[in-house]
Amino acid sequence: MFGKLFGRGAERPVTDPYALPAPRRQKNGTYTLRALGDTRVLALVEAADAGDWEAVKAALTPFDLGREQAVLGQLTDVDGVEEWIVRAAEQDKDDKELRATALLISGARHVAWGWEARTSARAVDVSREQWQTFYERLRIAEEHLLEAAELRPEWVTPWRHLLTSGRGMSVDDSVQDARLAAGLRRDPLNLDIHLEWVSHLQPRWGGEPGQALEFARKAFAAAPDGHRLGCVVAMAHIEDWVESDDRDCLQQPRIRTELREAAERSILHHAYERSLGWQGDYNIFAMALSLAGSSKASNVFRELDGVITEWPWTFMADPEKAYARFRKAF
């Protein structure tokens with residue numbers, strides 16, 4: 001699908017035929033990544049935005065949404081998809097693969113749409129009406145994701161989103177454990193499944209302090225050098241920062257060392273493959289290393305060259321300013 005782009009110290013292709021031209025930068029030298037920086041993904045997003053199912057199907061040809069969470073994630077953010085995607089599933093009900101694809105998109109979109117209703121406010125600040133809308137959208141999401149998983153049992157992305165909907169609906173731990181196991185059976189080193197479980201283990205969702213970091217360390221230890229699963233360690237530390245009242249809680253020598261070593265063994269390793277959406281991996285480490293005060297952040301920001309992704313900077317009050325400030329500092 002994509003020519004290999006390697007980490008530092010390796011040759012790169014002269015050009016990428018699908019690369020989107022970089023937009024005009026902000027005054028601080030940054031710009032937000034659009035459609036994963038890929039013309040094919042942009043065509044897919046534009047087709048979805050137009051509500052054109054035939055065009056969506058055509059644009060999906062290079063991708064496998066059952067495994068490519070980065071691409072699926074672009075569709076879940078498109079407003080209005082929920083209004084026509086269910087009709088598309090019915091339209092192609094006799095084609096198992098197309099129906100599964102439509103249901104997967106619908107399920108993932110309904111999860112995101114549900115969180116839009118709930119907002120990121122603390123639970124005590126969410127109104128009764130918001131909760132009702134949240135649960136109704138997640139109920140639809142669960143129904144569609146489970147059917148998609150049944151139709152395409154080899155897919156991993158339905159399980160990633162079922163973990164998110166299950167967390168929102170406070171399903172039994174045994175159900176969440178089963179969903180985690182289902183996802184990992186299909187892809188034992190899947191980063192998105194691991195990242196979702198790190199969120200699930202946070203105290204604000206009923207987990208115990210330190211539980212997520214322990215899980216992340218164990219997962220990354222089992223990964224080969226150059227694997228993007230190192231991001232799970234960085235994200236676990238970011239989540240610790242989110243949970244803490246101490247804004248400097250990551251600025252400890254042992255944490256800086258762990259994050260530096262994780263970066264060097266994952267995204268900065270010569271075996272790391274820059275697949276579609278690699279900038280998201282780099283942004284996770286950019287934020288974690290910056291919060292820890294590690295000079296290794298400069299290596300990451302240099303490779304990003306001003307590109308910012310929405311996640312995980314949404315944890316900041318002003319994401320773009322925070323990114324630019326850290327980038328300048330290192």
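Begin the tour by selecting Gly-51, which follows just after helix α1 and adopts a positive phi of about 70 degrees. The model on display is a predicted one.

**Helix α1**

Extend the selection backwards to α1 itself, residues 39–49. At its N-terminal end, display the side chain of Asp-38, which caps the helix: one of its side-chain oxygens lies 2.8 Å from the backbone nitrogen of Arg-40. Arg-40 is also among the buried residues of α1, together with Val-41, Leu-42, Leu-44, Val-45, Ala-47 and Ala-48. An α-helix has 3.6 residues a turn, so residues three or four places apart point the same way. Against which helices do the buried residues of α1 pack? Select α2 (53–59), α3 and α4 (81–91) to see these partners.

**From α3 to α7**

Keep α3 (residues 69–76) on screen and add α7 (residues 157–169). The two axes come within 11 Å and cross at roughly 55 degrees; α3 and α7 are therefore oblique to each other. The crossing of α3 past α7 is right-handed. To view the contact, show Gln-69, Leu-72 and Thr-76 on the α3 side, then Thr-157, Arg-160 and His-161 on the α7 side. Colouring this contact by residue class gives one nonpolar, four polar and one charged residue.

**From α7 to α8**

Retain α7 and select α8, residues 173–186. Here the helices pack at an angle of about 165 degrees, and their axes are 9 Å apart. α7 is thus roughly antiparallel to α8. In this pair, α7 passes α8 in a left-handed crossing. On α7, display Trp-159, Leu-162, Leu-163, Ser-165, Gly-166 and Arg-167; they meet Gln-176, Arg-179, Leu-180, Ala-182, Gly-183 and Arg-186 of α8. By class, this contact comprises five nonpolar, four polar and three charged residues.

**His-237 in α11**

Move next to helix α11, residues 231–243, and select His-237 within it. Is this residue buried or exposed? His-237 has a relative accessible area of 1%, which falls under the 20% limit, and is therefore buried. Its side chain makes a polar contact of 2.8 Å with the side chain of Glu-258. Beyond its neighbours within four places in sequence, the contacts of His-237 are Leu-213, Arg-217, Leu-250, Ile-255, Glu-258 and Leu-259. Glu-258 thus appears both in this contact list and as the polar partner of His-237.

**Ala-297 in α14**

Proceed to α14, residues 297–304, and select Ala-297, which lies in this helix. Ala-297 counts as buried because its relative accessibility is 0%. Residues up to four places away in sequence aside, Ala-297 touches Leu-289, Ser-290 and Phe-330. A distance label between the C-alpha atoms of Ala-297 and Ala-263 should read 9.3 Å, although the two residues are 34 apart along the chain.

**Gly-306 in the loop after α14**

The last stop is the loop between α14 and β2 (307–308), where Gly-306 is found. Gly-306 has a relative accessible area of 0% and is buried. What does Gly-306 touch, not counting residues up to four places away in sequence? Select Arg-25, Gly-29, Thr-30, Tyr-31, Phe-301, Tyr-323 and Arg-327 to display these contacts. For a final distance label, choose the C-alpha atoms of Gly-306 and Glu-239: the residues are 67 apart along the chain, and the atoms are separated by 24 Å.

Notes
Residues numbered from 1 in each chain as written. Predicted model: local features only at pLDDT ≥ 70, side-chain atom pairs only at ≥ 80, totals over all residues. Heavy atoms only, no water. Helix = DSSP H or I, 4+ residues; strand = E, 2+ residues; numbered from the N terminus. Buried < 20%, exposed > 50% of the residue type's maximum accessible area, 1.4 Å probe, protein only. Polar contact = N/O pair within 3.5 Å; in protein donor to acceptor, adjacent residues only side chain to side chain. Contact = heavy atoms within 4.5 Å. Axes fitted to C-alpha atoms, helices over the stretch in contact; angles between N-to-C directions. Parallel < 35°, antiparallel > 145°, perpendicular 65-115°, else oblique. Left-handed = near helix turned anticlockwise from the far one by under 90°. Nonpolar A, V, L, I, M, F, W, Y, C, P; charged D, E, K, R; others polar.
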